[in-house]
Amino acid sequence: MRSVLLDQRIGTFDDSDVDLYVGPNATWAEIKTRLREIALDSNPSDVLLVYFAGHALVPEWSTQLDAYLVTADLDPDGLRREPDNGLRMAFLKRDVFEAFAGTSFLILDCCHAGIYLDADLRHAEAMQTYRTQVDRHSALLACPNGSAARESDEHRQGVLTHHLLRALRGEAADDSGRVSFGQMATFVAEQGIEPPPVQLVHMWGPTTVLTQPPVSRHDRQALSSPANPGITRPCKSPLEELSSSIVQLLGRVFRSKAHPMQQSHQQGQAERVEIIRYALDADSVAVVEFSGRRIGVVNSTARFNKEELRPLLELSAADAIQYRTSMPGHIVSNDAGRRLLCVPLSYEDDRTLTLTVVDPALAPLDMGEPLAVMLRTIWDSNPLADPLEAEMRVMTALRTNFGRLPLNLYQYAFSLYQKLIGSMIMVFQPVVELDLRAAGVSIQSYEALARRGDQEVRAPLVALQMAHAWGDRFIIERDALLLAKAVHSYAAADAEAPWQGTKPLSVNVAVRSLLSDSYLTQVSKALAEADLNPRTLTLEISEQDAIQPGPGERWPQEPLAYFHRRLTELARELRISFAVDDFGVGYASLARMAELPLTQIKVDRAVLHHPLAVEELELVARVARDGLHRGHAPNARAVIVEGYDDEAPVGLKQIYDLGIHHVQGYFCGEVASTSLRPLNQSVRERIAALVRGEV
């Protein structure tokens with residue numbers, strides 16, 4: 001073994017890094033001291049391989065959960081009094097491999113080798129749950145616990161070692177001639193040894209190379225030449241091994257032509273339980289209500305039988321109630337082979353709603369917690385009515401719960417989000433200029449608003465806000481797509497408008513997008529393609545966005561100063577304007593409103609319903625005029641009150657008397673539309689009367 005690892009042609013170890021203990025020199029005290037030194041002095045980049053061939057001893061007085069590797073100086077009779085006077089498997093596990101900072105491997109070619117897996121487990125259940133898990137440790141053990149290792153007279157050594165050496169000398173090599181610990185272990189396991197060896201191959205086991213092909217003169221020259229550009233790969237995601245299962249499940253839920261609900265007229269919960277039953281190839285699915293000792297069925301597929309499943313449901317009820325906020329799901333099974341996958345959906349007081357899947361296919365169950373997260377999100381979404389948004393909600397739930405996804409799932413989600421944003425349309429809501437006279441009431445400008453359809457009244461906030469769970473790339477792509485859609489749609493609507501001249505247009509934008517040159521390139525491109533004057537466009541920065549560096553990002557100035565400089569440069573280069581949106585919520589502050597180079601301030605409707613609404617509006621109006629009064633600006637900033645309707649406790653007269661002459665909302669009788677229409681005479685007269693306080 002030592003000769004192979006140090007072989008000048010194929011070995012990957014150096015002479016100075018290998019310690020060999022043979023015959024009378026193999027003493028437990030010296031070996032333990034050396035292994036402990038190695039463990040305590042190790043670094044994360046180190047590799048430790050321990051190989052032992054010989055005998056193992058399980059003392060009669062032991063718990064059968066530990067064994068001694070027999071060394072030259074082992075005194076079996078003295079172990080009862082001094083149990084640490086020997087090389088115990090528990091010592092290897094606890095004091096060597098658990099303490100080793102790098103990647104470690106163990107090979108035991110001896111009887112009772114399988115005891116190593118259970119060594120040091122005095123209280124099996126608790127220790128399995130709470131003991132240190134060494135995820136960078138792998139082992140190859142000659143036989144299971146209680147079995148004897150095989151020896152060969154022909155080869156004059158253990159059978160395991162014989163095949164192990166065959167593997168390392170190239171018989172287990174990959175296409176490039178390298179042999180990893182994982183390949184070596186797999187090769188040995190395939191040789192038909194009885195009893196079969198035990199494998200424990202964790203992280204780095206499949207990739208840590210122990211031997212490699214001989215290096216030719218040509219290869220040595222290549223190794224000494226300048227390095228190639230090489231390749232890059234992202235750090236492994238915890239969902240890496242589940243990505244294909246996740247995509248397969250998404251396909252069965254959202255795109256399968258054999259979907260039983262494609263031709264069904266069922267809606268709501270009935271639709272969703274059937275979708276989940278089909279996706280998991282389950283016997284049946286139900287939403288079960290646990291309340292105290294009562295078990296009720298809220299909705300179910302045809303074959304769900306509560307009475308037949310009652311014993312399993314009663315078992316599930318205890319966990320569903322006790323762990324409803326801490327356990328994403330659990331599986332209940334019995335000796336007859338019946339299984340229930342239970343995923344909590346909601347709870348109120350002692351009432352818990354649980355999605356219960358009866359006898360699902362075994363393969364999806366291996367997904368574990370990600371499956372529970374996906375099912376809960378599918379239930380909360382609308383898979384048939386809006387499959388695009390529903391699927392994106394599932395992907396976002398995975399992102400939110402598990403962090404970074406595997407690269408292929410991330411790219412899949414990005415493409416899906418592009419389609420979701422691309423499916424939206426832009427409607428335009430007028431900003432009305434108030435006046436005491438009906439003739440003076442007019443449409444001052446428009447704001448572009450995203451909608452999923454031309455009949456939708458509300459913004460698709462869930463879809464728009466998903467981008468923040470994914471980071472800058474999604475946010476910038478969202479804003480760029482909506483900006484281009486808004487500019488092109490507005491130019492077309494403006495060409496059909498019944499007036500001369502183009503009214504200003506405002507479009508929402510995130511802080512992160514304004515820091516991106518690629519987004520600003522899209523702004524210039526869209527304006528040029530639509531032949532729209534840049535001075536027509538105002539980008540509204542939401543107060544719900546923080547002005548601060550992203551994770552790991554450094555700004556050369558204080559955030560407000562840095563962002564102020566950025567907006568000033570953009571206004572000069574692109575000739576567009578900026579406004580603050582949603583003032584009164586999120587990160588709203590007077591400093592932000594006063595210090596940024598803004599042409600208008602849009603006050604959120606939440607301010608109107610505040611007890612001190614009039615005082616707050618008066619303060620905003622004073623800040624808006626501050627630049628003019630100090631001679632820093634030629635005009636006062638326009639103040640626009642958003643979301644105004646007939647339910648607002650503050651009247652138009654109060655707003656107008658504060659010097660605020662622009663209001664946006666549904667009070668004017670005009671809903672947001674894909675076309676631009678003037679206010680009719682009756683609406684203008686009504687607004688003027690409200691401004692005068694006559695209505």
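Here are legends for a few close-up views of this predicted model.

**View 1. A four-stranded open sheet, strand by strand.** The 4 strands of this open sheet run in the order 1-5-6-10, and their pairing is mixed. At the edges we find strand 1 (47-53) and strand 10 (198-200); each has a single partner strand, so one side of each has no neighbour in the sheet. On average, neighbouring strands here are turned by 5 degrees against each other, direction ignored.

**View 2. Strands 5 and 6, with a helix packed on the sheet.** Strand 5 (residues 103-109) and strand 6 (residues 137-141) are parallel partners, joined over 5 bridges. To pick out one spot along the pair, look for Phe-105, whose bridge partner in strand 6 is Ser-138. Helix 6 (residues 181-189) packs on this sheet and touches strand 5, strand 6 and strand 10. The direction of helix 6 makes about 25 degrees with that of strand 6.

**View 3. A buried salt bridge between two strands.** Here the side chains of Glu-642 and Lys-602 meet, at 3.6 Å from N to O. Glu-642 sits in strand 23 (residues 638-644) and Lys-602 in strand 22 (residues 600-603), so the salt bridge ties together parts that are 40 residues apart in sequence. How buried are the two ends? Glu-642 has a relative accessible area of 9% and counts as buried, and Lys-602 is buried too, at 0%. Zoom out a little and the pair turns out to belong to a salt-bridge network that also takes in Glu-447 and Glu-540.

**View 4. Arg-686 reaching Asp-646.** This salt bridge has its closest N and O atoms 3.2 Å apart. It links distant parts of the chain: Arg-686 is in helix 25, while Asp-646 is in the loop between strand 23 and helix 24 (652-657), 40 residues apart. Arg-686 is partly exposed at 35% relative accessibility, whereas Asp-646 is exposed at 53%.

**View 5. Glu-289 and Arg-294, one of the 29 salt bridges in the structure.** The closest N and O atoms of Glu-289 and Arg-294 are 2.7 Å apart. Glu-289 is buried, with 12% relative accessibility, but Arg-294 is partly exposed at 49%.

**View 6. A nonpolar patch on the surface.** Val-457, Tyr-666 and Val-671 make up this patch, and together they have about 280 Å² of accessible area. Tyr-666 is in the loop between strand 24 (662-665) and helix 25 (681-692). With 37% relative accessibility, Tyr-666 counts as partly exposed.

Methods: Residues numbered from 1 in each chain as written. Predicted model: local features only at pLDDT ≥ 70, side-chain atom pairs only at ≥ 80, totals over all residues. Heavy atoms only, no water. Patch = residues over 30% accessible without salt bridge, like charges linked within 9 Å, V, L, I, M, F, W, Y side chains within 5 Å. Areas by Shrake-Rupley, 256 points an atom, 1.4 Å probe, with all protein chains shown as cover. Salt bridge = Lys/Arg side-chain N within 4 Å of Asp/Glu carboxyl O. Buried < 20%, exposed > 50% of the residue type's maximum accessible area, 1.4 Å probe, protein only. Pairing = 2+ DSSP bridges. Axes fitted to C-alpha atoms, helices over the stretch in contact; angles between N-to-C directions. Contact = heavy atoms within 4.5 Å.
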